[in-house]
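Welcome! Here is a short tour for anyone meeting this structure for the first time. Please have a look at the model below before reading on.

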Amino acid sequence: MVAGFRVFICDNLAFRGDFFAIAKRHSKKLMDEFIDTVSIGVDRVQRHFVPIQERVNAWQNHQLPDIEAQSIIYRAFIAGELEAPKHLAPLVHQEYFEPKVREFEPRTVWSLQNAFTT
């Protein structure tokens, strides 16, 4: 069980996240201890939730001037600071400056993060 702000689960069931709440492999005993194991994992997720929420709140409250957002997008794609195909730059730009989701309309670090991940 992984949790966090960024979680990735590959179709081959490789897990990656900010932290592992449960790191057990399947075994005969896993099913015998399943309820206890999941309870422990959920408890760990809840304890890590507050720092993640605080980070998101900080991003949501950090106003971002348009010129700075443009600079970040430029540096990420054109200057090559992010390993990503350059053809995605216009899509990120459009998603930030003309977001499809109303909650991402404010010009904040949170909105830019969501433009990149959309």
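## Arg55 and its contacts

Setting aside neighbours within four places in sequence, Arg55 is in contact with Phe5 and Asp18. You will find Arg55 in helix H2. Its relative accessibility is 33%, so Arg55 counts as partly exposed, a label used here for values between 20% and 50%. Please keep in mind that this is a predicted model.

For a sense of scale, you could trace from Arg55 to Val101. These two are 46 residues apart along the chain, and their C-alpha atoms are separated by 21 Å.

## Around Phe8 and Phe15

Phe8 is found in strand S2, which covers residues 8–9. Which residues does Phe8 touch, not counting those up to four places away in sequence? They are Ala14, Phe15 and Arg16. Another way to place Phe8 is by its C-alpha atom, which is 9.7 Å from that of Asp18, 10 residues apart along the chain. With a relative accessible area of 47%, Phe8 is partly exposed.

Phe15, one of the residues touched by Phe8, lies in strand S3 (residues 15–16). Phe15 is partly exposed too, with a relative accessible area of 40%. Together with Val7, Ile9, Leu13 and Phe20, Phe15 makes a nonpolar surface patch of about 490 Å².

## The largest nonpolar core

Now let us turn to the interior. The largest nonpolar core has 11 residues: Leu64, Ala69, Ile73, Ala76, Phe77, Ala89, Val92, Tyr96, Phe97, Leu112 and Ala115. Three helices each supply at least two residues of this core: H3 (66–77), H4 (89–97) and H5 (109–117).

Val92 is a good member of the core to look at. Leaving out residues up to four places away in sequence, Val92 touches Ile73, Phe77, Ala115 and Phe116.

## The packing of helix H5

Which residues of H5 are buried? The list is Trp110, Ser111, Leu112, Gln113, Asn114 and Ala115. These buried residues pack against three helices, namely H2 (34–61), H3 and H4. Two of the names, Leu112 and Ala115, also appear in the largest nonpolar core.

## Aromatic pairs

A pair of aromatic rings is described by the distance of the centres and the angle of the planes. How many aromatic pairs are there in this model? The count comes to 3. In one of them, the rings of Phe77 and Phe116 have centres 5.7 Å apart and planes at 5°, so this pair is stacked; the cut-off for stacking is under 30 degrees. The pair links distant parts of the chain, with Phe77 in helix H3 and Phe116 in helix H5, 39 residues apart. Are these two residues buried or exposed? Phe77 is buried, with a relative accessible area of 2%, whereas Phe116, at 25% relative accessibility, counts as partly exposed.

Phe104 and Trp110 form an edge-to-face aromatic pair, at 6.3 Å centre to centre and with 70° between the planes. Phe104 has a relative accessible area of 16%, so Phe104 is buried. Trp110 is buried as well, with a relative accessible area of 16%; under 20% is what the word asks for.

Conventions. Residues are numbered from 1 along each chain as its sequence is written. This is a predicted model: local features need pLDDT of at least 70, side-chain atom pairs count only at pLDDT 80 or more; totals for chains, interfaces and linings use all residues. Side-chain values use heavy atoms; hydrogens and water are left out. Helices (H or I, at least four residues) and strands (E, at least two) are DSSP runs, numbered from the N terminus. Buried means under 20% relative accessible area, exposed over 50%, partly exposed in between (1.4 Å probe, protein chains only). Contact means heavy atoms within 4.5 Å. A nonpolar core is a set of buried Ala, Val, Leu, Ile, Met, Phe, Trp, Tyr and Cys residues joined through side-chain atoms within 4.5 Å. Rings of Phe, Tyr and Trp (its six-membered ring) pair if their centres lie within 6.5 Å; planes under 30 degrees apart count as stacked, over 60 as edge-to-face and the rest as tilted. Patches are made of residues with over 30% relative accessible area and no salt bridge: like charges are joined within 9 Å, nonpolar side chains (Val, Leu, Ile, Met, Phe, Trp, Tyr) within 5 Å. Accessible areas come from the Shrake-Rupley method with a 1.4 Å probe; for residues, only the protein chains shown count as cover. A salt bridge is a side-chain nitrogen of Lys or Arg within 4 Å of a carboxyl oxygen of Asp or Glu.
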